[in-house]
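Welcome! Let us take a friendly walk through this structure, one topic at a time.

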2 protein chains.
Amino acid sequence: MESLMMNYPLTTTTILEYGNSVYHYKKIITYLPDGERHEYFFSDMYKRCKKLANALTQKLGIKSGDIVGTFAWNHYAHVELYYGISGIGAVCHPINIRLSSSQTEYIVNNSEDRVIFVDATLVPLLEKIAPLLETVEYYVLLNAPKDFKTTLQNTIQYEDLLAEQSEEYQWPILNENDACGMCYTSGTTGLPKGVLYSHRSTYLHATNIITPNAGNFSNEDTLLLIVPQFHVMAWGFPYLCLLSGSNMVLPSSNLQPEALINMLQAEKVTKANGVPTIWLGIYHTMKENPPKEKLALKEYLVGGSALPKSLIEGFEKDFGIKGVQAWGMTETSPLGTVSRLQLQHNHLSNNEKLDIRAKQGFAFPGVEIRIMTDEGTLAPSDGNTMGELQIKGAWVINSYFKTNNLDSFTADGWFKTGDVSTIDPDGYMEIKDRTKDLIKSGGEWISSVALESALMAHPNIREAAVIAVPDQKWVEKPLASIVLVNKEKNTTAAELIAFLDREFVKYQIPKDYVYLDEIPKTSVGKFDKKEIRILFSEGKLK
Amino acid sequence: MESLMMNYPLTTTTILEYGNSVYHYKKIITYLPDGERHEYFFSDMYKRCKKLANALTQKLGIKSGDIVGTFAWNHYAHVELYYGISGIGAVCHPINIRLSSSQTEYIVNNSEDRVIFVDATLVPLLEKIAPLLETVEYYVLLNAPKDFKTTLQNTIQYEDLLAEQSEEYQWPILNENDACGMCYTSGTTGLPKGVLYSHRSTYLHATNIITPNAGNFSNEDTLLLIVPQFHVMAWGFPYLCLLSGSNMVLPSSNLQPEALINMLQAEKVTKANGVPTIWLGIYHTMKENPPKEKLALKEYLVGGSALPKSLIEGFEKDFGIKGVQAWGMTETSPLGTVSRLQLQHNHLSNNEKLDIRAKQGFAFPGVEIRIMTDEGTLAPSDGNTMGELQIKGAWVINSYFKTNNLDSFTADGWFKTGDVSTIDPDGYMEIKDRTKDLIKSGGEWISSVALESALMAHPNIREAAVIAVPDQKWVEKPLASIVLVNKEKNTTAAELIAFLDREFVKYQIPKDYVYLDEIPKTSVGKFDKKEIRILFSEGKLK
């Protein structure tokens, strides 16, 4: 029987209108690429979104369903683009600025971006490939000085574009299942693949991340968005801040640990997001140069890679700041699980608690997860049985853009993540590895993630990445690439083997260690194991 | 452009599956009508819901779209009915047990309930009208002794019904816009009107109530559901507990202050809901007989009527327990606003803070509110301009059941609440009165709610209800009916007029006071001003 409730679409415009209505006095603070601090209210952003909507439709000829690219850092204009572009029914497509030229070219042509909004400091990256971009009609320059020079054709300054426009604009009523945003996977295997988020998925994802069991964000919070807006829509934070009434702090290109610590202090940031690499950097910098006053920061939400136990422990012991592990993918909007302790863990030892907090955690309402074994059976939730993590839910894709490739989906409609995981009796999922990173040695599986996490707990190791390399006897064996904190201090293979001996059985422990100045990283800051394997195959890892 | 996200309907079954998957070990604790304590896990409830689904479809012949009534207290079987009935695509219709026989008869016939699940202790109420109920085929008896006798025809014991059934049941895939639940307005004016909630509205309402700015419920909470399940689905709490992983405590008919205080203590309840009358009773009982240990209760969420400032203050000062005012209606699922302080209020005095907390508060994401003046213009958010409160959103009705009456809706699609309100610059809405309860004296408006709240702050007044009565000079004047805490202690009209003089101007202060043993209340515990007016017109208020 049909209900008698209002039809009230869940759209990014619903979010924008709510933020402007209830939290118009909340702030968006940007540290611009030139270091200048910019601050304005949600209500200012709202008015400029309407100007932008007029500019997009009247000046640039953008229509509902068109895809509009951004090539930009995290800043207030980029937030305006999120709401302005999707508000007129077009699709906001933040392009990852850290990809190779050929990947960027592929993505822009594949998505058919009609306009690209580009930060002045990033213009050189687009100038190199602009002649190859087939669909781009305009480049709109963000944060550019008046006399900015570029070889890009058809450029407009963003402020000039807005200056001409009226603040009056009537948002169209949108279908919540239409696309509002687009991101490409980082393409660690094969070509990047496009993902089209809907208004509805974006709204539901944001609403759920606010809840206490997840991010726990309220109108008493000030959030620092370290995760780039070009990386899975900054995990939905530009949306959820308007729903929760949290102030937003945006670092643009000021991502050095010192700069971020300065923002945490100056803006009294209470919560932040970021990949482990960022938090490792912040931690080590704070250790070397402890802040004079205790930070207001209560929690940092981490995803993208496993949060090392040693980092969780160190941050909490040294600075009273809690690391919260989350998990997600471009294909899942991204957040799907979070690891927070519950009442039944109260009696556990500190170390047992850390083990749980270092897991990827339990599913949010709105998504479901399961583990399928190699034999195609559902794995029991015993915390031991490994298999492929599969997920379905309200913010999970059912297809990639412009492909009919169904390899990533099961016959019964679940998305295959490619992660090898377990789920424990309390529902906590733990990623053991990417399917392709798992090491099979003498017929036994070895988790590279577990080894890396353990190695990074060593006081003289900053980063560790473990890959499988061929072995005559065991078929594969683990090889650890490590970055030392203090290179003067010798940390031998023998010492590390002894160090790992407490946690791992003999066959799992790497015998081979190579010392690097830095672990190669992907465009989103994860250890780039593809690159490490290439270095190894070229004989460059010794 | 169509997005590429999964179709994942938001249904009560989605909630049930989530609760069972992630929080299977959480508890539902019932204090049954006979005083016995019953406890089981979400996973037990889940299995019994599947048995119930089999019984409904196979034994009772219930089909998708059928309406199934309940006439019951808050207990675990009633929770099973919520999920089991809506899970098969039928509509769960909790009938208010506190209505008159003729209203109950009207509601059952109007909704066309095919089956009624009825608590043994409530059977006498239905026996009286059973011959008049045209559509009811079966009565299923809840919490009835084996040898229970009744004149009702076609009765089955609930446990017998489930005992025969399998725990295997495949939930159908439902349309989220279909009805899952039904409630009737309490009918203080005219006949009760049916409201049909959708799966989607129920899901979105529950999700939003969990967020920190609203109810702030997590898996560390144990919730006491004092609001009856027959009163706007217990404010959605049986749903949200499964999403937030909160234990549920259900009092059934044990609603005496002493019984509730006992549950708060024994079950370490952290949060609870209820109308002000309930909390007034608990407060006065705790004052007379303070609990030996501090309660685990942190907050109580209040709606249905205005929470008197004096109660907020007393509970917090005496017991460290925070009262949180919320507002809603049957037509709005019910919760639409909540009043919590924000950072900008930090500098205010205690009394100013209380003034804000006693307001009905700001809108949740998913609903929008506005005030329309008598002249049909949008009232400014100045905290002063009064007008009718209007609301729209994802859990607001667009029509009543079986009526084409559009009087309650504006041409541009907002629901007209019938409440006279203001909205302040921070977005906090305050109900000044029901349109029909507002007093117009000498051409000036007087808020009965404000007078009641002020009177109830008097140390010797337990309850106060103010109505308009005819006056030769001023057309209308206020008349206050009051219930004293200590009847031995004389509290004169002169004393009360002096008491109100600090807060009100002379023409607003009632000159006439009548002393009652109890204020007449509606079926949902609100002051029944219709009844008070009848008493007055019959000359019974002296």
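Two strands pair if DSSP finds at least two bridges between them. Strands are DSSP runs of E with at least two residues, helices are runs of H or I with at least four residues, and both are numbered from the N terminus. This is a predicted model, in which local features need pLDDT of at least 70 and side-chain atom pairs count only at pLDDT 80 or more, while totals for chains, interfaces and linings use all residues. Residues are numbered from 1 along each chain as its sequence is written, chains are lettered from A and ligands numbered from 1 in the order in which they are written, and side-chain values use heavy atoms, leaving out hydrogens and water.

**Strands in chain B**

Here are three strand pairings to find in the picture.

| Strands | Sense | Bridges |
|---|---|---|
| β18(B) (residues 387-393) and β19(B) | antiparallel | four |
| β19(B) and β20(B) (residues 429-434) | antiparallel | five |
| β24(B) (residues 475-484) and β25(B) (residues 512-515) | parallel | four |

Look at B:Ser421 in β19(B): B:Gly387 has this serine as its bridge partner, and B:Ser421 is also partnered with B:Ile431 in β20(B). The hairpin of β19(B) and β20(B) has five residues between its strands, and B:Gly427 takes a positive phi near 90 degrees there. Is β19(B) largely enclosed or not enclosed by the rest of the structure? Eight of the nine residues of β19(B) (residues 415-423) are buried, so this strand is largely enclosed by the rest of the structure. Buried means under 20% relative accessible area, with exposed over 50% and partly exposed in between (1.4 Å probe, protein chains only).

In the parallel pair, B:Ser481 stands opposite B:Val514 in β25(B). From β24(B) the chain crosses through helix α15(B) (residues 493-500) to β25(B), a right-handed β-α-β crossover. Right-handed means that, with the strands pointing away from the viewer, the path from the first strand over the helix to the second runs clockwise.

**Two chains**

A turn of 180 degrees and a shift of 0.0 Å along the axis lay chain B on chain A with an RMSD of 0.1 Å. That is the relation of a two-fold axis. B:Thr211 has the C-alpha nearest the axis in chain B, 2.2 Å from it. The superposition is by least squares on the C-alpha atoms of residues with pLDDT of at least 70 in both copies.
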